[in-house]
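Let's take a walk through this structure together, one side chain at a time. Have the sequence and the 3D view open as you read.

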Amino acid sequence: MAEYTHEAIFCIVNSGYSEAVMDAAKKFGARGGTVINARGTASKEAETFFHITIEPEKEIVMILVPANIKDDVMHALYKEVGLDTAGQGIAFSMPVDGVAGLSTNEPEPKKDH
């Protein structure tokens, strides 16, 4: 089983809450994210079951984090913008098996030529 060094966190919130998502994530070490405007398609049954009103305009915030801080970031998102908040957010993560283009504090490996 491969050990992943990074995780991609996707947080779907009502429109206007992407800054709250990033504020919560940055408290635990996330450095940035990407926001995509989206539209929700939840059914009336979902509204009745969860006792919430579904806001059709959504924002998806994608955040790439080191795997060792994923749980802390996910917990912060749940507390700050979860279903019980005005953001009515849900979040999930996926392992990432390769990353390019991130700056790190670690030195680049030396290549033999």
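**A buried charge and its surroundings**

Start with Glu 59: this residue is buried but has no salt bridge, and the nearest side chain of opposite charge, Lys 58, is 10 Å away. Keep in mind that you're looking at a predicted model. A salt bridge here needs a side-chain nitrogen of Lys or Arg within 4 Å of a carboxyl oxygen of Asp or Glu, so 10 Å doesn't qualify.

So what does Glu 59 touch? You'll find Glu 59 in strand 3, which covers residues 57-66. Leaving out residues up to four places away in sequence, its contacts include Asn 14, Ser 15, Gly 16 and Tyr 17, as well as Val 35 and Ile 36. A polar atom of the Glu 59 side chain also lies 3.3 Å from the backbone nitrogen of Tyr 17.

Now for charges that do pair up. How many salt bridges are there? The count comes to 2. In one of them, Glu 57 joins Arg 39, with the closest N and O atoms 2.2 Å apart. Glu 57 sits in strand 3 and Arg 39 in strand 2, so this pair ties together parts 18 residues apart in sequence. Glu 57 is partly exposed at 35% relative accessible area, while Arg 39 is exposed at 57%.

Lys 70 and Asp 71 also form a salt bridge, at 3.2 Å from N to O. Lys 70 is buried at 18%, whereas Asp 71 counts as exposed at 55%.

Finally, look for rings. The whole structure has 1 aromatic pair: Phe 10 and Phe 92 are stacked, 5.1 Å centre to centre with 15° between the planes. Phe 10 belongs to strand 1 and Phe 92 to strand 4, so the pair links parts of the chain 82 residues apart.

Technical notes:
Residues are numbered from 1 along each chain as its sequence is written. This is a predicted model: local features need pLDDT of at least 70, side-chain atom pairs count only at pLDDT 80 or more; totals for chains, interfaces and linings use all residues. Side-chain values use heavy atoms; hydrogens and water are left out. Rings of Phe, Tyr and Trp (its six-membered ring) pair if their centres lie within 6.5 Å; planes under 30 degrees apart count as stacked, over 60 as edge-to-face and the rest as tilted. Helices (H or I, at least four residues) and strands (E, at least two) are DSSP runs, numbered from the N terminus. Buried means under 20% relative accessible area, exposed over 50%, partly exposed in between (1.4 Å probe, protein chains only). Lys and Arg count as positive and Asp and Glu as negative; His and the chain ends are not counted. A polar contact is a pair of N or O atoms within 3.5 Å; within protein, one must be able to donate a hydrogen and the other to accept it, and residues adjacent in sequence count only if both atoms are side-chain atoms. Contact means heavy atoms within 4.5 Å.
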